[in-house]
Amino acid sequence: MSTSSFSRLPGFRDFPPDAMARRTHIFESWRRVSRRYGFQEYDGPPLEPLELYVEKSGEEIVQQLYAFTDKGGREVALRPEMTPSLARILGDRSRSMHKPIRWFSIPQLFRYERQQRGRLREHFQWNVDIVGEAGVAADAEVLAVALDGLRDLGLTAEDVRARVSDRRLLTRILEALGVDESRRSAAYAVIDKFEREPRARSLERLEREAGMGPEARDTLVEVLEAGGLDVVRDRFGGRDDVGEALEPLEAYLATLEAVGLGAFVDVDLRIVRGLAYYTGIVFEIFDRQGELRAVCGGGRYDRLLELVGGESLPAVGFGMGDVVLGELLEEKGLWPDLTPRLDYYLVVVTEEERETALALARRLRDRGKSVTYSLRPQNVGKQMKAAAREGAQAVLILGPDELAQGKVRLRDMESGEERDVELGAL
Ligand code: HAM
């Protein structure tokens, strides 16, 4: 059997060193920015009880689960998202913890999705969550973390924007338009797909599935398409319930303005988010051109912890995926030079010098330097080529004449300059 008969599963990735270097570049940025905001890293198991996702995450994600019965007869699933695990992990611990809890994680997640641009069957997702703070300052803080994560990688307000909404506000608007609680999730589902489905189909579904009359439907569509809050104030200004629901979103926007991130943020009530557990402000971050899928999504979910059996705590957070982010960095030419670097490559002129080279390598490595050398006899030319290929900053040439004087020849690979240095000085 040829090895090529073992191909990679569709939707999964290999990470040879160049791809791994890009992944590490992203992860390092995520960790750096998380710490800048005082978040602590956590993780959990990749396999969880199936029950954790059923009903809590919502239908769409449940249909995409990698789920099976394990040998002990347990119904289990590979984690498709981190938020239910976070709720479960905090369930046993949060009572004894100081609030707010600021935690982040970079799990690998698995969803059996139809493969398309930006969507794979596994991805890594930066999760940042604040638990135990109900005020909008926490909502603004997590969006600031997400945006700073993107800024840290070189993206600007010209490249990306956050589209924000508030489920409470949308609910009040739907109520004002005569959509009662029993039809709310049907209306959410249509709004969630509004941009991806033909307009006529959305209109028809709003009528049939959400029970909206033509006038109410047209007002809703006007509000959705206008963006911003002016149309909302204009159409529903007389209603206290809508006015009240506007306040948190207005305070949120003011906070983001105050931290200098206002240019990234647009109000857009078409953002409802596919996941079932969100209860308040929600957001998604997209490339400005609108060519790619969302790079990040999140929001407030004040019921989930209780639902999973833990302490009843308000929570807000986001997930940012590495796949769309990688595409965005590629498109904007924002990958830095990630070629591997080596401090020293040791070249031996004859095999007589190998023992000295090994001792020298030991001393340099003990001082934290990266060092390599040919593992078998090779002529000097080949060793020099290998040094260049491996990204050596400097080559140390060990020859019999120099060693006799207690010296080695150091070649600076960038400038090409060579000089003798005392072996003891290295
Ligand atoms: P989500 O919107 O399902 O949210 O995923 C967040 C991000 O992960 C997406 O915007 C996308 O960039 C990336 N992503 C999701 N699925 C895939 C996929 N199949 N392939 C590649 N990338 C993908 C959540 O998962 C929430 N649990 C986030 C959250 C945390 N909310 C509160 N805290």
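**Entry 1: Glu 122**

I looked up Glu 122 first and found this residue in strand S7, which covers residues 122-131. I am working from a predicted model, and I keep that in mind for each entry below. Is Glu 122 buried or exposed? Its relative accessibility is 0%, and because the cut-off for buried is under 20%, I enter Glu 122 as buried. I then asked which side chain makes a polar contact with the side chain of Glu 122. The partner is Gln 108, whose side chain lies at 3.0 Å in that polar contact. Setting aside neighbours within four places in sequence, I noted that Glu 122 is in contact with Gly 11, Phe 12 and Arg 13, and also with Gln 108, Leu 109 and Phe 110.

**Entry 2: helix H12**

Strand S7 came up again when I turned to helix H12, residues 322-331, since S7 is one of the elements against which the buried residues of H12 pack. I recorded H12 as largely enclosed by the rest of the structure, because seven of its ten residues are buried. The buried ones are Asp 322, Val 323, Val 324, Leu 325 and Gly 326, together with Leu 328 and Leu 329. Besides S7, I listed helix H1 (17-36) and helix H4 (136-152) as packing partners of these buried residues, along with the strands S8 (160-166), S10 (281-287) and S12 (315-321). Just after H12 I noted a positive phi of about 65° at Gly 333.

**Entry 3: domains and a long separation**

I checked the domain assignment, which gives domain 1 as 17-331 and domain 2 as 342-425. How far apart do the C-alpha centres of domain 1 and domain 2 lie? I read 53 Å between those two centres. I also looked at Asp 240, which lies in helix H10, residues 240-258, and which I enter as exposed, with a relative accessible area of 62%. From Asp 240 to Pro 400 I found 160 residues in sequence and 90 Å in space, taken from C-alpha to C-alpha.

**Entry 4: the cavity**

I searched the whole structure for cavities of 30 Å³ or more and came away with one. The volume of the largest cavity is about 50 Å³. Which residues line the largest cavity? I wrote down Leu 346, Val 348, Arg 354, Ala 357, Leu 358, Tyr 373, Ser 374 and Gln 383. Strand S13 (342-348) and helix H13 (354-366) each supply at least two residues of this lining, and H13 gives the most, with three. Sorted by class, the lining of the largest cavity has five nonpolar residues, two polar and one charged.

**Entry 5: the second largest pocket**

My last look was at the second largest pocket, for which I have a volume of about 710 Å³. Its lining counts 28 residues, and those nearest the centre of the pocket are Arg 167, Ser 185, Tyr 188, Leu 275 and Ala 276. Which helix gives the most to the lining of the second largest pocket? I found that H6 does, with seven residues. Helices H2 (59-63), H5 (167-176), H6 (181-193) and H11 (304-307) each supply at least two residues of that lining. By class, I have nine nonpolar, six polar and 13 charged residues in the lining of the second largest pocket.

How values were computed:
Residues are numbered from 1 along each chain as its sequence is written. This is a predicted model: local features need pLDDT of at least 70, side-chain atom pairs count only at pLDDT 80 or more; totals for chains, interfaces and linings use all residues. Side-chain values use heavy atoms; hydrogens and water are left out. On a 1 Å grid over the protein atoms alone, a cavity is a set of points where a 1.4 Å probe fits but cannot get out, and a pocket is an open set with protein on both sides within 12 Å along at least five of seven lines; lining residues have an atom within 4 Å of a point. Grid points are joined across faces, edges and corners, and a volume is the space filled by probe spheres set on the points. Helices (H or I, at least four residues) and strands (E, at least two) are DSSP runs, numbered from the N terminus. Ala, Val, Leu, Ile, Met, Phe, Trp, Tyr, Cys and Pro count as nonpolar, Asp, Glu, Lys and Arg as charged, and the others, Gly among them, as polar. Domain bounds come from an automatic or database domain assignment. Buried means under 20% relative accessible area, exposed over 50%, partly exposed in between (1.4 Å probe, protein chains only). A polar contact is a pair of N or O atoms within 3.5 Å; within protein, one must be able to donate a hydrogen and the other to accept it, and residues adjacent in sequence count only if both atoms are side-chain atoms. Contact means heavy atoms within 4.5 Å.
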